[in-house]
Amino acid sequence: MTPETELDSSLSSVPTLSPKESGAQPAGAGPVIVVGGGVTGLSAAWELQQRGVPYVLLEASDSLGGKVQTEFWDDFLVEQAADAFVLGKPWALELAREVGLEPELIHPREDTKRLYFLKGGQLLTFPEHLRMFVPTDAEAFRRSGVLSPEGTERMLAEEHVPPRENADEDESLASFIQRRFGEEAMNFIVPMAAGIYVANPYELSMQMAFPQFLEMEQRAGSLIAGHRALPPRTTPVFGSFRRGMGELPRAVGRALTGEVRLNAPVAQIHQDGVTLASGERLAGRGVIVAAPAWAAAPMLTGDFPQAAELTGQLKTNSSVAVMLAYREDQFQFDMNMHGLQVDWAEDIPMTAITVHSGKMAGRAPEGHVLLRVFFKNTDPDEALRLAQQYVQELLGAEGEPLFQTFADWRGKNPAYVVGHRDHLAAIRAALPQNVQVAGASFTGVGLPDCVHAGRSAARAVVEAAAGR
Ligand SMILES: Cc1cc2nc3c(=O)[nH]c(=O)nc-3n(C[C@H](O)[C@H](O)[C@H](O)COP(=O)(O)OP(=O)(O)OC[C@H]3O[C@@H](n4cnc5c(N)ncnc54)[C@H](O)[C@@H]3O)c2cc1C
């Protein structure tokens, strides 16, 4: 997550089909086989355990958690991907509670909640009184100068734009923004909205990424009116854990009493089990495919060629995250802040900087600063070089970082192009009901959605295998 405001509460999911809706025959007995030990697969296994259903979780790598990985570099806590999850969708917090993690829950710091917006090489203070990216205080938005006077007035005129008539049709984020807020608003909204999905706004499906905006448009007539009518927020929007997001998969992994195998890549999926890359055949009453689409597609080729082809068509986007550590006295800037967003029209590959130590307590030792600098599709060596350069130019950092590292997410971010829901429905229709796909590539990228998708898939497979 970048240092954006509250947009992640919109990370969305599609419901997992009930087995009754999809149409094939149940398979036999044995454990349910869960392929992939990321948050989705772990949630599926946990749900099966709660129901007393035997399972085998197969993870290709040597650790659980998938993209959720927390590393410790001396006393710095470095997140490779997710650094928090939205609380508005209850599923991740519920899981954390069930595995005893609730006492470890922390929230972003309120006392450092300063954000900047990089436009034309200058850092502007982020507008106040935004809900998501929607301005609820016109004067505060005008003062911020994040758009030209004309662009500002057009954005504020959203309130008078009538709702779209063909409400059931999917559209791209760009189409939605241009239609409701005007062309120039793309520069301000895209970094927040598409930034979360690392997406091309001309491709990103509104139905998949921001269904609540489409719903609000129809219900309240406009997003400004709809957000203004919401009650003031009294509870935190995001949560994380004292020892980092990696606590969640670690705690679930510890709580699983069934069979969990690491270094066990699956090669092929069948209606009655899987074949591992080692050649071993494992029989099961159903399979939950909780691996990313690019890994899942080749596993489906043998028995489910149509599902394999459709899964292989799912697109991805690329990003690179660079993490840098400094002493606080290396900065001219006050680093007690959450970070900055980059104007979409700015001609640089960087999209945002999160001051992780400013945003969350316990991410860097006293007197030190930990940054996360996000890039579009960029060679990691170039990203490392540019990250230092931007931090120097924009935040006045002097000297070398204490350390720097990167996470390479090129080709690893689900793209959710317009029509994704229909595409997913077609994949599901091409699979028997006891073989379910779930997880970031298919059903929603946010961790709450991954938890929900994993648990829903587990229930669906159990019901399908029972012939219900
Ligand atoms: C940079 C970045 C920042 C993010 N920030 C946030 C955030 O702040 N908040 C938030 O909610 N979300 C965030 N996300 C999204 C979130 O982290 C992911 O969507 C989520 O972790 C995906 O979980 P998953 O289990 O579906 O997939 P993965 O985590 O990809 O897990 C899939 C697992 O399947 C395994 N696998 C692959 N092939 C095989 C095989 N053949 N056999 C067996 N196993 C296999 C993989 O090794 C992996 O462990 C972020 C993502 C990125 C990249």
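**Strands, domains and salt bridges**

An open sheet of three strands is a good place to start: its strand order is 5-11-6, and the pairing is antiparallel. Strand 5 (85-86) and strand 6 (105-106) sit at the edges with a single partner strand each, so one side of each has no neighbour in the sheet. The model described here is a predicted one.

Looking at the pairing in that sheet, strand 5 runs antiparallel to strand 11, which covers residues 238-241, and two bridges join them. Phenylalanine 85 has glycine 239 of strand 11 as its bridge partner. As a general point, the strands of a sheet pair through backbone hydrogen bonds, in either a parallel or an antiparallel way.

Another antiparallel pair is made by strand 3 (residues 70-73) and strand 4 (residues 76-79), this time over four bridges. Here tryptophan 73 stands opposite phenylalanine 76 of strand 4. Strand 3 and strand 4 form a hairpin with two residues between the strands, and aspartate 74 in this hairpin takes a positive phi near 50 degrees.

Stepping back to the protein chain as a whole, the domain assignment splits out domain 1, pieced together from 8-68, 245-315 and 415-465, and domain 2, which spans 131-228. The C-alpha centres of domain 1 and domain 2 are 34 Å apart. Where the two meet, 18 residues of domain 1 are in contact with 15 residues of domain 2. Between them, domain 1 and domain 2 bury about 1,300 Å², with 60% of that on carbon and sulfur atoms.

As for what crosses this interface, one salt bridge turns up between domain 1 and domain 2. Lysine 315 and glutamate 203 form a salt bridge, with 2.7 Å between their closest N and O atoms. There are also five residue pairs in polar contact across the interface of domain 1 and domain 2, both residues being at pLDDT 80 or more. On the side of domain 1 that touches domain 2, helix 16 (420-429) and helix 17 (440-443) chip in with at least two residues each. The residues on that side of domain 1 break down into eight nonpolar, seven polar and three charged.

Salt bridges also show up in the wider count, which comes to 30. One of the pairs is arginine 455 with glutamate 98, whose closest N and O atoms are 2.9 Å apart. This pair ties together distant parts of the chain: arginine 455 belongs to helix 18 (residues 447-465) and glutamate 98 to helix 3 (residues 91-98), with the two residues 357 residues apart.

Notes
Residues numbered from 1 in each chain as written. Predicted model: local features only at pLDDT ≥ 70, side-chain atom pairs only at ≥ 80, totals over all residues. Heavy atoms only, no water. Domains from an automatic or database assignment. Contact = heavy atoms within 4.5 Å. Buried area = accessible area lost by both parts, 1.4 Å probe. Salt bridge = Lys/Arg side-chain N within 4 Å of Asp/Glu carboxyl O. Polar contact = N/O pair within 3.5 Å; in protein donor to acceptor, adjacent residues only side chain to side chain. Nonpolar A, V, L, I, M, F, W, Y, C, P; charged D, E, K, R; others polar. Pairing = 2+ DSSP bridges.
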